[in-house]
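Work through the exercises below with the sequence and the model side by side, and try each task before reading its solution.

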Amino acid sequence: RRSRPVTSGSSSIRVDIEKVDSLINMVGELVITQSMLSLLGEDFTIDRIDRLRDGLDQLERHTRDLQESVMLIRMLPISFAFNRFPRMVHDLSIQLGKKVELKMSGESTGVDKTVIEKIGDPLVHLVRNSLDHGIEQPQERASAGKPETGSIELNAQHKGGNIIVEVRDDGKGLLAGHIMEKG
């Protein structure tokens, strides 16, 4: 009787069939190039050096394309991390007696699956802080000449090879003295 290996929490992602088909086609191209280079190498003579160079260039191109496609499979839109916030902001604003509008942009920004898993809790903390400590009560906002409804913005974008995720609110800001007292 065989025992099954114990796995510690399986993780999976859904992959669009078009991406899988593209990978299969790329592997096919890679196999064809490899076969061509093998045949060329069997009876290689110096007069075939240009064909060898062309084949190696093709191999490099196919390998790079395959690598990029495999990396894209792990990419998910950041909306997977953002999608919990409309409900959370709505519920928490009612609980706190505040009027808040949530604005989100860049939801289609692609992020690696592991990054999405790791930024969820910190984002929740930042949005909660905006609601709890940044956005004022409606009457306080009105007294300050602001609209009664505050706004919280979530934005994601690619910038210089990085992904920038911003949480911004139009609240009163942070008071350094108050933070130091809590510290």
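**Exercise 1: a helix and a surface patch**

Place V20 in its helix, then decide whether V20 is buried, partly exposed or exposed.

Solution. V20 is found in helix α1, which covers residues 17-42, where helices (H or I, at least four residues) and strands (E, at least two) are DSSP runs numbered from the N terminus. The model is a predicted one, in which local features need pLDDT of at least 70 and side-chain atom pairs count only at pLDDT 80 or more, while totals for chains, interfaces and linings use all residues. Residues are numbered from 1 along each chain as its sequence is written, and side-chain values use heavy atoms, with hydrogens and water left out. Next, the relative accessibility of V20 is 31%, so V20 counts as partly exposed, given that buried means under 20% relative accessible area, exposed over 50%, and partly exposed in between (1.4 Å probe, protein chains only).

**Exercise 2: the sheet**

Find the order of the strands in the sheet, and say which strands lie at the edges.

Solution. Three strands form an open sheet with mixed pairing, in the order β2-β4-β5; two strands are taken to pair if DSSP finds at least two bridges between them. The edge strands are β2 (99-105) and β5 (162-169), each of which pairs on one side only. From one strand to the next, the twist averages 10 degrees, with axes being lines fitted to C-alpha atoms (for helices over the stretch in contact) and angles running from 0 to 180 degrees between N-to-C directions.

**Exercise 3: the two pairings**

State in which sense β4 pairs with β2, and in which sense with β5.

Solution. Strands of a sheet pair through backbone hydrogen bonds, either parallel or antiparallel. β2 and β4 pair in the parallel sense over seven bridges, and M104 stands opposite L154 in β4. Strand β4, residues 149-159, pairs with β5 in the antiparallel sense over eight bridges; here H158 has I163 as its bridge partner in β5, and E153 has R168. The two strands β4 and β5 form a hairpin with two residues between them, and G160 in the turn has a positive phi of about 55 degrees.

**Exercise 4: helices across the sheet**

Which strands does helix α4 lie across, and which does helix α5?

Solution. Helix α4 (residues 85-96) lies across β2 and β4 and runs at about 170 degrees to β2, contact meaning heavy atoms within 4.5 Å. Helix α5 (residues 113-134) lies across β2, β4 and β5, running at about 20 degrees to β5.
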